[in-house]
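Me: Hi! I have a protein model open and would like to work through it step by step. Could we go over it together?

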Amino acid sequence: LKKGTVTNQDSQIFFPSDDETEIDEGYESSTYSTGTRTSLENATKNRTIHTPGFIDDESISKELSRTMSFFPYLLDLSLYKETISVTWQPTAAAFFNFFVTLSLFPGTITTIKSTNGLGYWFPVVLTMVFNLFDCIGRAILISKNVAARLLCANGRKAADYRTVVVQPGHELPSFVPLVGIPCLARILFFPAICVCVRPLWISSDLIRCILVACFAVTNGFITAACFMVGPAMVYDQRHKDAASLLILLAGYLGLALGGFFGMFLDTVLEK
């Protein structure tokens, strides 16, 4: 730009060149009189001033290095080893919970036939009941009292206090009675659902819906609790991210193996 002018696409605004001040905001500089700064702002209030720009190589390099630093983070096996040594309980609970769920739902549960005249609509009703109560189970942890009790530490250092992973006071004794035991108890749904498929003792559709509702509530609650507790048991953000990823992978593994086991269970029940 020539000294004393500012170009705005199709128009030019001229200012005196005396007492000039140079302005630099990361673009090519424009010069104009300090006394006419207000006039410039008013004149160009509703217009955009375009000046030739340039690429900031330093900013691009910083952004690229920040992005590339994420990949070695994924391959840091020692990080995941340290994390799983502390968060193995919620990780194992997530695996077993999803394994039991996919073993029975939707494959086995949707094969239950109605004995009270609902016909082909009964599998739809059972699916609706499962989704509704699964959502309710996840919403239980919205309560601050339940969440505080679940995350309550006993004030002592955790067993692996020698590592930097564990924060003092982050041993969670409430996890086993509130999450661990109900997770293991879900294995009782295998014989209960199988009895519903072959109505030997349970022939009421209402009882079957109640059983599926209990099955769904425990699934939702345990899933949400594992993802809440795992990251809270470790110290810094890197280990929290690793804890979340490990629980997620454990859940996916449980889903995959549970699906295969559900196929095997259906073939047994069909005989």
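Reply: Gladly! One term will help us first: a polar contact is a pair of N or O atoms within 3.5 Å. Keep in mind as we go that this is a predicted model.

Me: Which residue caps the N-terminal end of α9?

Reply: Look for a side-chain oxygen beside a backbone nitrogen at that end of the helix. A side-chain oxygen lies 3.4 Å from the backbone nitrogen of leucine 206, and a polar contact asks for atoms within 3.5 Å. The residue that brings this oxygen and caps α9 is serine 204.

Me: How far apart are the end C-alpha atoms of helix α9?

Reply: Helix α9 covers residues 205-232, which is 28 residues. At 1.5 Å a residue, the helix should span 40 Å. The distance in the model agrees with that, at 41 Å.

Me: Let's step back for a moment. How many helices and strands does the protein have?

Reply: Going from the N terminus, the elements run β-β-β-β-α-α-α-α-α-α-α-α-α-α. The secondary structure therefore comes to 10 helices and 4 strands.

Me: What share of the residues is buried?

Reply: A residue counts as buried when its relative accessible area is under 20%. The protein has 271 residues, and the buried share of them is 35%.

Me: What share of the contacts with a separation of 6 or more is between residues 24 or more positions apart?

Reply: Contact here means heavy atoms within 4.5 Å. Of the contacts with a separation of 6 or more, the share from residues 24 or more positions apart is 69%.

Me: How is the pair of phenylalanine 130 and phenylalanine 215 classed?

Reply: A pair of aromatic rings is described by the distance of the centres and the angle of the planes. For phenylalanine 130 and phenylalanine 215, the centres are 5.9 Å apart and the planes stand at 45°. Planes under 30 degrees apart would be stacked and those over 60 edge-to-face. The angle of 45° fits neither, so this pair is tilted.

Me: Which helices does that pair link?

Reply: The two residues are 85 apart along the chain, so the pair links distant parts of it. Both phenylalanine 130 and phenylalanine 215 are buried. Phenylalanine 130 sits in α5 (residues 121-139), and phenylalanine 215 is in α9, so the helices are α5 and α9.

Me: And how is the pair of phenylalanine 189 and phenylalanine 215 classed?

Reply: Phenylalanine 189 lies in helix α8 (residues 189-197) and phenylalanine 215 in helix α9, so parts 26 residues apart in sequence are tied together. The ring centres are 5.1 Å apart and the planes make an angle of 75°. With an angle over 60, the pair is edge-to-face.

Me: Is asparagine 219 buried or exposed?

Reply: Asparagine 219 is also placed in helix α9. Leaving out residues up to four places away in sequence, asparagine 219 touches Asn97, Thr101, Phe130, Asp134, Arg138 and Arg186. Its relative accessibility is 4%, so asparagine 219 counts as buried.

Me: Which side chains make polar contacts with the side chain of asparagine 219?

Reply: One polar contact, of 3.3 Å, goes to the side chain of asparagine 97. Another, of 2.7 Å, joins asparagine 219 to the side chain of aspartate 134. The partners are asparagine 97 and aspartate 134.

Me: What is the form of the peptide bond from phenylalanine 105 to proline 106?

Reply: Proline 106 lies in the loop between α4 and α5. Its C-alpha atom is 9.0 Å from that of glycine 262, a residue 156 positions apart from it along the chain. The bond from phenylalanine 105 to proline 106 has omega near 5°, and its form is cis.

Me: One last topic. How many disulfides are there?

Reply: A disulfide needs two cysteine sulfur atoms within 2.5 Å. For cysteine 194, the nearest cysteine sulfur is that of cysteine 196, 9.1 Å away. For cysteine 226, which is buried at 0% relative accessible area, the nearest is that of cysteine 183, at 6.5 Å. Neither cysteine 194 nor cysteine 226 is in a disulfide, and the count for the structure is 0.

Notes:
Residues are numbered from 1 along each chain as its sequence is written. This is a predicted model: local features need pLDDT of at least 70, side-chain atom pairs count only at pLDDT 80 or more; totals for chains, interfaces and linings use all residues. Side-chain values use heavy atoms; hydrogens and water are left out. Buried means under 20% relative accessible area, exposed over 50%, partly exposed in between (1.4 Å probe, protein chains only). The expected span of a helix is 1.5 Å times one less than its number of residues. A polar contact is a pair of N or O atoms within 3.5 Å; within protein, one must be able to donate a hydrogen and the other to accept it, and residues adjacent in sequence count only if both atoms are side-chain atoms. Rings of Phe, Tyr and Trp (its six-membered ring) pair if their centres lie within 6.5 Å; planes under 30 degrees apart count as stacked, over 60 as edge-to-face and the rest as tilted.
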